[in-house]
Amino acid sequence: MIIDVAALDRDEVYKLLVGAVVPRPIAWVTTLNALGRVNAAPFSCYTFVSSAPPLLAVSVGRLRGELKDTARNAREGGDFVVNVADASLVGPLHQSSAEYAADVSEVEMLGLETIPSIAVRAPRIAIAPVAMECRYDRIIEFGAQRSQLLIGEVLRFHVRDDLYRDGKIDSVALSPLGRLGGPRYTTLGKIITMPPASPGNPVNG
Ligand SMILES: Cc1cc2nc3c(=O)[nH]c(=O)nc-3n(C[C@H](O)[C@H](O)[C@H](O)COP(=O)(O)O)c2cc1C
């Protein structure tokens, strides 16, 4: 099947993208709004784009042309926290994507406890096994919908003690939640460990 993007409308292209770019990690982003309420929402169009400095990038779309609370709060407040959810948190994470009014706190609605951050104003979600305090770096706009690529510099990592060993995070024990196309999530499947690739010694998986 060969699909010409020029023949598709925006929704059709979106459906192909979210089915092809899989599995996606999920940034569960907490921000503070102008009234000091804590906003939380999941974003799976997300990665890191630099390690020195450590920069995370989260693509925040628009809703009926308007900025989403996360993009507005991060830009106006100057910071945000990316919380990492494990599989047990799929319920509250998913529910936090509902379209709550800007002055409603998702964490209060969902009974999620938060903990003050150290280096930024936005708090983190207490039950999240990993969280990254980020200072707002910039927003880059993309496309006809002017979606907001939110960039933040990680200033603090919070890692649950049992997941931290020798300077690394045990990502298998973390059991991170991932996102597939449509309403589907995934957890880790079979783990495949490979030796370093070398030109003279091809290895088959
Ligand atoms: C698992 C998951 C991943 C999502 N990923 C994105 C994303 O990458 N970009 C985006 O704009 N919206 C994404 N959404 C939708 C937002 O979470 C939703 O629009 C939310 O209401 C935004 O909240 P806010 O207005 O408080 O920022 C996702 C939703 C779910 C459930």
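How many bridges join β1 to strand β15? In this predicted model, the answer is two, and the strands β1 and β15 (residues 178-179) run antiparallel. One of the residues involved is Pro25, whose bridge partner in β15 is Gly178. These two strands belong to an open sheet of three strands, with the order β1-β15-β16 and antiparallel pairing. Its edge strands are β1 (24-25) and β16 (185-186), each of which pairs on one side only.

A second open sheet has seven strands, in the order β3-β2-β8-β11-β12-β5-β4, again with antiparallel pairing. Here β3 and β4 (46-51) stand at the edges; each has a single partner strand, so one side of each is left without a neighbour in the sheet. From one strand to the next, the twist averages 35 degrees. The helix α2 packs on this sheet, where it touches β2, β3, β5, β8, β11 and β12 (147-159). The direction of α2 makes about 50 degrees with that of β2.

Strand β8 is a useful place to look further into the seven-stranded sheet. Three bridges join β8 to β2, and these two strands run antiparallel. Val29 has Val82 as its bridge partner in β8. With β11, strand β8 pairs over six bridges, also in the antiparallel sense. Val82 appears here too, since its bridge partner in β11 is Met132.

Is β8 mostly covered or mostly exposed? It is mostly covered, as six of its six residues are buried. In a regular strand the side chains alternate between the two faces of the sheet. In β8, Asp79, Val81 and Asn83 point one way, while Phe80, Val82 and Val84 point the other way, and all are buried.

The largest nonpolar core has 34 residues, and the members that touch the most others are Trp28, Val29 and Val81. In soluble globular proteins, nonpolar side chains tend to be buried together. Two or more residues of this core come from each of β2 (27-32), β3 (38-43), β5 (54-60), α2 (69-77), β8 (79-84) and β11 (130-142). The largest share, five residues, comes from β11. Leaving out residues up to four places away in sequence, the contacts of Val81 include Val29, Thr30, Val120, Ala131, Met132 and Cys134.

The edge strand β3 contains Val38. Val38 counts as buried because it has 20 C-beta neighbours inside 10 Å, and a residue needs 20 or more to be placed in that class. Residues up to four places away in sequence aside, Val38 touches Thr30, Leu32, Ser105, Val107, Thr114 and Pro123. Val38 and Leu112 are 74 residues apart along the chain, and their C-alpha atoms are separated by 10 Å.

Ile2 offers a contrast. It lies in the segment before α1 (10-20). Ile2 is exposed because 3 other C-beta atoms lie within 10 Å. The C-alpha atoms of Ile2 and Ile115 are separated by 49 Å, with their positions 113 residues apart along the chain.

The model also has a ligand. Which residues are closest to the ligand? They are Ala41, Cys45, Gly61, Asp69 and Thr70, among 18 residues that surround it. Strands β3 and β5 and helix α2 each supply at least two residues of this shell. The most come from β3, which gives four residues. By type, the shell divides into seven nonpolar, seven polar and four charged residues.

Some backbone details remain. Most residues other than glycine have a negative phi, and most peptide bonds are trans. A cis peptide bond joins Val22 and Pro23, with omega at about -15 degrees. Pro23 sits in the loop between α1 and β1. Another cis peptide bond joins Ala52 and Pro53, where omega is about 5 degrees. Pro53 is in the loop between β4 and β5.

Two arginines have a positive phi. Arg64, in the loop between β6 (62-63) and β7 (66-67), has a phi of about 50 degrees although it is not a glycine. Arg64 is exposed because 4 other C-beta atoms lie within 10 Å. Arg146 also has a positive phi of about 50 degrees and is found in the loop between β11 and β12. Arg146 counts as exposed because it has 11 C-beta neighbours inside 10 Å.

How values were computed:
Residues numbered from 1 in each chain as written. Predicted model: local features only at pLDDT ≥ 70, side-chain atom pairs only at ≥ 80, totals over all residues. Pairing = 2+ DSSP bridges. Core = buried A, V, L, I, M, F, W, Y, C linked by C-beta atoms within 7 Å. Buried ≥ 20, exposed ≤ 12 C-beta atoms within 10 Å, placed from the backbone. Contact = placed C-beta atoms within 7 Å. Axes fitted to C-alpha atoms, helices over the stretch in contact; angles between N-to-C directions. Near = placed C-beta within 6 Å. Nonpolar A, V, L, I, M, F, W, Y, C, P; charged D, E, K, R; others polar.
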